[in-house]
Amino acid sequence: MKKIAILTSGGDAPGMNAAVRALVRKGIYEGFEVYGIHRGYEGLLKGDFQLLDRRDVGGIVNKGGTLLKTARCIEFAELPQQVKAARILREQGIEALVVIGGDGSMAGAMALSKQGIPTLTIPGTIDNDMCGTEYTIGFDTALNTVVDAVSKIRDTTTAHDRVAIVEVMGRHAGHLAVRAGLACGAEMVLIPEKPMSLENVCKHLRESYAAGKTNSIIMVAEGAYHSFEVYSYINKTMQISPSVTVLGYLQRGGAPSARDASMAALMSERAIDALKGGTYNCLIGFAGASIEAIPYEEALQRRYPISEEEYELISVLAR
Ligand code: ADP
Ligand code: F6P
């Protein structure tokens, strides 16, 4: 195997650039020619390839976003587009593709594998919600960003004796909300995995006031509620006016934390070693204390739900 390609896909995550850099430099070190594909599967379908050398990936290790750019390419879920992409890769002489992205991106890589293209997926999403891996690149940076933002919001909330609603990302999973809630001492965390009625949210708030608390942080994962929905209900029911902060893209940008940048380097090294050894059609997952190449089918069977213990502990510590 000589020619390989890499792309970033789905939501950008801090550490994607560190992975691109490591794939290119370790790839060249091992004798591969490494091509970057711009804008994920969208660029692949357009044949938007660029041969990368070591200097092309200089100065990006600590930059957020992705040098290769990313995209959400809805039509890639259709078979004719996957057949077309496999044909383009063959025409370019690309012998394997490394995808950096979340579970949707991995589904795209699996689809290409079914078309006979050897692929690997490196987990990259701030949501930390992929099967097959306990860790996804970008989660630690986003977590620290959320905790930093909430600690500032807490100062004003405390000074004014108010309730603050903070909306964090996580359309399908509450990992970010739970871990951030635990780290910043949120009074309540609303996540898609644990539906809680707004009536119950108000009940908890009343209990909190009765216990002598004068301010509260309600952390809402976007997949549980829209923060303004929570605001309206509390406002109407309790005649108080919480502040609302939607952290949005603030959570996806910024320099990767040391954990994310180093995981990106180590996972990329594992990916190149796997290709060198003829191992592919795998997720490069982190399980226990090690980084492994896990066959896609097996990765799909390994699920890592939110930690019940962390979720319960948040309310114990909030009393
Ligand atoms: P993430 O990779 O962060 O989960 P998305 O779910 O948006 O982000 O997926 C990223 C891209 O992966 C999609 O825009 C699409 O191009 C591709 N993709 C998603 N689901 C599939 C699928 N079932 N089959 C093929 N490609 C898919
Ligand atoms: O990267 C994953 C994610 O951050 C989800 O938590 C969120 O729902 C989604 O991306 C939103 O991204 P976009 O605005 O790019 O559609």
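Visitor: What makes α1 largely enclosed by the rest of the structure?

Guide: Ten of the 14 residues of α1 are buried, so this helix is largely enclosed; buried means under 20% relative accessible area, exposed over 50%, and partly exposed in between, with a 1.4 Å probe and protein chains only. Among the buried residues of α1 are Met16, Val20, Leu23 and Gly27, and what covers them includes β1 (3-8), β4 (96-101) and α9 (258-276). This is a predicted model, in which local features need pLDDT of at least 70 and side-chain atom pairs count only at pLDDT 80 or more, while totals for chains, interfaces and linings use all residues. Residues are numbered from 1 along each chain as its sequence is written, and side-chain values use heavy atoms, with hydrogens and water left out.

Visitor: Why is Thr125 called buried?

Guide: Thr125 has a relative accessible area of 10%, and the bound is under 20%, so the word buried applies. Thr125 lies in the loop between β5 and α5 (139-159), and Thr125 touches Ala13, Gly102 and Phe139, among others, where contact means heavy atoms within 4.5 Å.

Visitor: How do you know that the largest nonpolar core lies between domain 1 and domain 2?

Guide: A nonpolar core is a set of buried Ala, Val, Leu, Ile, Met, Phe, Trp, Tyr and Cys residues joined through side-chain atoms within 4.5 Å. Of the 76 residues in the largest one, Ile6, Ile122, Ile218, Met219 and Ile234 touch the most other members. Domain 1 (3-138 + 256-301) and domain 2 (139-252) both give residues to this core, so it lies between them; the domain bounds come from an automatic or database domain assignment.

Conventions
Chains lettered and ligands numbered in written order. Helix = DSSP H or I, 4+ residues; strand = E, 2+ residues; numbered from the N terminus. Lists of a residue's contacts leave out its neighbours within four places in sequence.
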